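Work through the exercises below with the sequence and the 3D view side by side. Try each task before reading its solution.

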Amino acid sequence: MKVAIQCDSPLLQRSLELFLDGHLSSLRQCDILIRDKEIYDDQYLTFVIGLGEASDLIKPFSKAQLMHSLNQKFESQKDLPVAIEEEKPLSYEEGVSFDILERHIDKLTREYQSNILKAIRAFYEK
């Protein structure tokens, strides 16, 4: 997951940069954009950190809470386009292309990874 950060608060900006050191990327190449205020922009998947109930993560937070919430938001949004594509029935005349097989394998891999992460989180949250 590639993350870009745009925060008005320099303290929050720097903290997020330290927390997400291995995941930082430019705005053009990011999978998810973290902001400290809600801005309606359809171009980017936005993750909002703030004090309000509409925020994806409420301050104060730990690195573990940040990563958990980011992964949940990213996974929930990442599965939507795949589900829409799968609704189209394939006819035998179209044939099965390698791209369809690759998407199916990617979906199964994400589900497997998600199940493993849920089991690990459940184990450590006890």
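Helices are DSSP runs of H or I with at least four residues, numbered from the N terminus. The model is predicted.

**Exercise 1. Find how far apart Glu-111 and Lys-107 sit in helix H3, in residues and in turns.**

Step 1. Locate the helix: H3 covers residues 98-125.
Step 2. Glu-111 and Lys-107 are four residues apart in H3, so about one helical turn separates them.
Step 3. Check the side chains. Those of Glu-111 and Lys-107 meet in a salt bridge, at 2.5 Å from N to O.
Step 4. Classify the acid. Partly exposed means between 20% and 50% relative accessible area. Glu-111 has 34%, so Glu-111 is partly exposed.

**Exercise 2. Decide whether the salt bridge of Lys-37 and Asp-8 links distant or neighbouring parts of the chain.**

Step 1. Count first: the whole structure has four salt bridges.
Step 2. Take the pair Lys-37 and Asp-8, with N to O at 3.1 Å.
Step 3. Place both ends. Lys-37 is in the loop between S2 and S3, and Asp-8 is in the loop between S1 and H1. They are 29 residues apart, and the pair links distant parts of the chain.
Step 4. Compare with the cut-offs. Lys-37, at 42%, is partly exposed. Exposed means over 50%, and Asp-8 has 55%, so Asp-8 counts as exposed.
Step 5. Set another pair beside this one. Glu-17 and Arg-14 form a salt bridge with their closest N and O atoms 3.5 Å apart. Both lie in helix H1, three residues apart, about one turn of the helix.

**Exercise 3. Describe the surroundings of strand S3: which residues point which way, and which strands pair with S3?**

Step 1. S3 spans residues 46-50, and five of its five residues are buried.
Step 2. Sort the directions. Thr-46, Val-48 and Gly-50 point one way, while Phe-47 and Ile-49 point the other.
Step 3. On S2 (residues 32-35), the pairing with S3 is parallel, over three bridges. Arg-35 has Val-48 as its bridge partner.
Step 4. On S4 (residues 57-58), the pairing is also parallel, with two bridges. Here Gly-50 stands opposite Ile-58.

**Exercise 4. Find which element supplies the largest share of the largest nonpolar core.**

Step 1. The core has 15 residues; Phe-47, Ile-49 and Leu-20 are among those with the most contacts inside it.
Step 2. List the suppliers: S1, H1, S2, S3 and H2 each give at least two residues.
Step 3. H2 supplies the largest share, three residues.
Step 4. Inspect Leu-20. Its contacts include Val-3, Ile-34 and Leu-66.

Notes
Residues are numbered from 1 along each chain as its sequence is written. This is a predicted model: local features need pLDDT of at least 70, side-chain atom pairs count only at pLDDT 80 or more; totals for chains, interfaces and linings use all residues. Side-chain values use heavy atoms; hydrogens and water are left out. Buried means under 20% relative accessible area, exposed over 50%, partly exposed in between (1.4 Å probe, protein chains only). Two strands pair if DSSP finds at least two bridges between them. A nonpolar core is a set of buried Ala, Val, Leu, Ile, Met, Phe, Trp, Tyr and Cys residues joined through side-chain atoms within 4.5 Å. Contact means heavy atoms within 4.5 Å. A salt bridge is a side-chain nitrogen of Lys or Arg within 4 Å of a carboxyl oxygen of Asp or Glu. Lists of a residue's contacts leave out its neighbours within four places in sequence.
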